[in-house]
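Trainee: Could we go through this structure together, step by step, with the reasoning spelled out for each answer?

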Amino acid sequence: MFKSSIVLLFLSLSASQTEISIVEHRIIPDEVRALRLKPTFINWSLGNNFLLLDSDNSELFEISSSGKIKLSYGIGRRNHRYGELICAGISPSGVQIVDRLENEILTLDFNLNPIQNTSLKHKIFPELAQIDPWGRIFLYSSTYNGIYLFENDNVMKEPFIDFSKDFYSNYCVEDFSINSNGEISILGCDGFFHEYSQNGMKEISIPVEIHNPEFLAPLRDDWLVLSRDGDCLSMMTLQSINISQMNYPIIDVVTLNRSIAILTKEYIFVLNVR
């Protein structure tokens, strides 16, 4: 059963500034639990739908705005595929998925039917991935201590961002993200935020003043850093944003233009920021 309601959420940025967000409160359909799926990743799909990944079961599915579920075909344990899917998103080529264990990029059509699998010639086994606005895929590899660029069905031999040069060997990355301008930000396990230009040049590094930061998301000209408990910090103003009204631990966060989608165990919250 699918339900949706609209509530108002006030994001307090400072004593002199308050942003009002309208939140679309979507309940995860019962069918998801019936299929024993536990989403760990969320991204926007076409038509106000959402792509969700269950990394533990290597399953991809889509939830429409009406609550209808569309399962992918040819991947996942139902089809005897035992990789580890870490990222999925829309690109000009279709729906692209990164499989860490198989070290490859899967391409599906928009009905989630397989088109092709492309093995990464460089054995980077990425732990994190992001798709930029032009369909290029950026892959973080702790093994090679950097972020690699995949485009035109090839992965670069040299890292796009080399953490050994910018920081030190074995630098730990908690999360990274790309905004609509192609700029990249990094959230280190050391609690520091780093911003990079479109060309992969480090521009700023500042500490993140919230407890246990885990998620990083672009929002217009800003970057938001969030904890699993719902603490949120604007990296532009360095002001806290109060989203405690959700009262649910965060599993994943994704942004699109002025909207923020937050995945929890039971719900998807959509915040439209003005």
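Mentor: Let us begin with a term we shall need: a disulfide is a pair of cysteine sulfur atoms within 2.5 Å. Please keep in mind throughout that this is a predicted model.

Trainee: Which cysteines does a disulfide join, and what is the handedness of that disulfide?

Mentor: The structure holds 1 disulfide, and the sulfur atoms of C172 and C189 are 2.0 Å apart, within the 2.5 Å cut-off. The torsion about the S-S bond of this pair is about -45 degrees, so the disulfide that joins C172 to C189 is left-handed.

Trainee: Where in the chain do C172 and C189 lie, and how many residues apart are they?

Mentor: C172 sits in the loop between α2 (163–166) and β16 (173–178), while C189 belongs to the loop between β17 (184–188) and β18 (192–196). The pair therefore links distant parts of the chain, and the separation is 17 residues.

Trainee: Is C172 buried, partly exposed or exposed?

Mentor: The classes are set by relative accessible area, with under 20% counted as buried and over 50% as exposed. C189 has 38% and counts as partly exposed, whereas C87 at 3% is buried and C232 at 4% is buried too. For C172 the value is 38%, which means that C172 is partly exposed.

Trainee: In what order do the strands of the open sheet run, and which strands are its edges?

Mentor: The open sheet is formed by 4 strands with antiparallel pairing, in the order β3-β4-β5-β6, and the twist averages 25 degrees from one strand to the next. An edge strand here pairs on one side only, and that applies to β3 (41–44) and β6 (69–71).

Trainee: What is the bridge partner of I63 in β6?

Mentor: Strand β5 covers residues 59–63 and is joined to β6 by 3 bridges, the two strands running antiparallel. I63 is placed within that range of β5, and in β6 its bridge partner is I69.

Trainee: Which residue of β9 stands opposite I97?

Mentor: It helps to go through the neighbouring strands in turn: β7 and β8 pair in the antiparallel sense over 6 bridges, as a hairpin with 2 residues between them, and A88 stands opposite I97 in β8. On to β9, β8 is joined by 5 antiparallel bridges, and the hairpin of β8 and β9 has 4 residues between the strands, with N103 taking a positive phi near 55 degrees. In β9, the residue opposite I97 is L106.

Trainee: How many residues of β8 are buried?

Mentor: Strand β8 is largely enclosed by the rest of the structure, because its buried residues number 6 of the 6.

Trainee: Which strand gives the most to the largest nonpolar core?

Mentor: In soluble globular proteins, nonpolar side chains tend to be buried together. The largest nonpolar core here has 25 residues, of which L60, I97, V98 and L139 touch the most other members, and the strands that each supply at least two residues include β4 (50–54), β8 (94–99) and β12 (137–141). The strand that gives the most, with 4 residues, is β7.

Trainee: How many aromatic pairs are there, and how are the planes of F163 and F167 arranged?

Mentor: The count comes to 12 aromatic pairs. F163 is buried at 0% relative accessibility, while F167 is partly exposed at 22%, and both belong to one aromatic cluster with Y140, Y168 and Y171. Their ring centres lie 5.9 Å apart with 35 degrees between the planes, an arrangement that is tilted.

Trainee: Is N145 buried or exposed?

Mentor: N145 lies in the loop between β12 and β13, and among the residues it touches are F163, Y168 and Y171. The C-alpha atoms of N145 and K165 are separated by 9.7 Å, although the two are 20 residues apart along the chain. With a relative accessible area of 4%, N145 is buried.

Trainee: And M201, is that residue buried or exposed?

Mentor: M201 has its place in the loop between β18 and β19 (202–207), and it touches E195 and Y196, not counting residues up to four places away in sequence. At 54% relative accessibility, M201 counts as exposed.

Note on methods
Residues numbered from 1 in each chain as written. Predicted model: local features only at pLDDT ≥ 70, side-chain atom pairs only at ≥ 80, totals over all residues. Heavy atoms only, no water. Pairing = 2+ DSSP bridges. Axes fitted to C-alpha atoms, helices over the stretch in contact; angles between N-to-C directions. Phe/Tyr/Trp six-rings, centres within 6.5 Å; stacked < 30°, edge-to-face > 60°. Buried < 20%, exposed > 50% of the residue type's maximum accessible area, 1.4 Å probe, protein only. Core = buried A, V, L, I, M, F, W, Y, C linked by side-chain atoms within 4.5 Å. Contact = heavy atoms within 4.5 Å.
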